[in-house]
Amino acid sequence: MSQEIAPLWHGTLVTLGLLLASSAIGYTLALPLALARRARTRLVSWPAGLYSAFFRGTPLLVQIYLTYYGLAQFPALRHSAAWVVLRNAWPCALIALGLNMAAYVAEPLRAGLAAVPSGERDAAAAFGLGRLATLRRVVLPRAVRLVLPALANEGLIQLKATALASTITLLDLTGAARRLSASSYSTQPLLAAGLIYIALSAALSLAFRRLEGRRQR
């Protein structure tokens, strides 16, 4: 039994690491992407729109393959210092998951920014706040409060999306369960992995509900 628990435990840690790191990238990049999508200058809004269209319009699995296998097609990259990192599966999965999540999180965030009443912006200006201060202290907190359920949903989707990392040899929770199942000719490791995913999803949902409760105070 311990021989089965250890790989699943290690796979769970890999999954959590991917989830936390890719979510940090996704949520961080989503704000400038949402602001760029709302920009009046086409030179700014169009590239952001193309970015969103690519990552939202193509399967995440294809994006992971392009990152892991596609980058190896560039000799200049293979002979650069970055190749020490990019030749490994974990960083490639992290990049694909983070960039993909940013495109999806940016859309509800953009809607939240648009939903903030103009009167609140005018009030901030009346108090002498500049544009950046208004965005940081008034508009952004209000927008996040409005779309927090959607942002929480993207976090749950990201947890399940990390399972695709197993397709590029990464032994995350899904990869470890698949290997154990193949070696033991049993579905029990897969069932155990499913229960772990359910537990992680429940914990993540609880964390977001508590955060939403604090935001509403």
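**A walk along two helices**

Let's start with helix α9: at 1.5 Å a residue, its 12 residues should span 16 Å, and the end C-alpha atoms are indeed 16 Å apart, so the expected and actual spans agree. Keep in mind that this is a predicted model. Helix α9 covers residues 173-184, and several of its residues are buried: L173, T174, G175, A176, A177, L180 and S181. Just after the helix comes Y185, which has a positive phi, near 55 degrees.

Take a look at S181 within that helix. S181 has a relative accessible area of 14%, and it counts as buried because the cut-off is under 20%. What does S181 touch, once residues up to four places away in sequence are set aside? Its partners are S186, T187, P189 and L190.

Now over to helix α1, which takes in residues 2-37. Here you'll find another serine, S23. S23 is buried too, with a relative accessible area of 10%. If you skip its neighbours within four places in sequence, S23 is in contact with L18, M101 and Q158.

Helix α1 also holds W9. Is W9 buried or exposed? W9 has 55% relative accessibility, so it counts as exposed, the cut-off being over 50%. W9 doesn't sit there by itself: together with I5 and L13, it makes a nonpolar surface patch of about 340 Å². A bit of helix geometry helps when you look at that patch. An α-helix has 3.6 residues a turn, so residues three or four places apart point the same way.

Note on methods
Residues are numbered from 1 along each chain as its sequence is written. This is a predicted model: local features need pLDDT of at least 70, side-chain atom pairs count only at pLDDT 80 or more; totals for chains, interfaces and linings use all residues. Side-chain values use heavy atoms; hydrogens and water are left out. Patches are made of residues with over 30% relative accessible area and no salt bridge: like charges are joined within 9 Å, nonpolar side chains (Val, Leu, Ile, Met, Phe, Trp, Tyr) within 5 Å. Accessible areas come from the Shrake-Rupley method with a 1.4 Å probe; for residues, only the protein chains shown count as cover. A salt bridge is a side-chain nitrogen of Lys or Arg within 4 Å of a carboxyl oxygen of Asp or Glu. Helices (H or I, at least four residues) and strands (E, at least two) are DSSP runs, numbered from the N terminus. Buried means under 20% relative accessible area, exposed over 50%, partly exposed in between (1.4 Å probe, protein chains only). Contact means heavy atoms within 4.5 Å. The expected span of a helix is 1.5 Å times one less than its number of residues.
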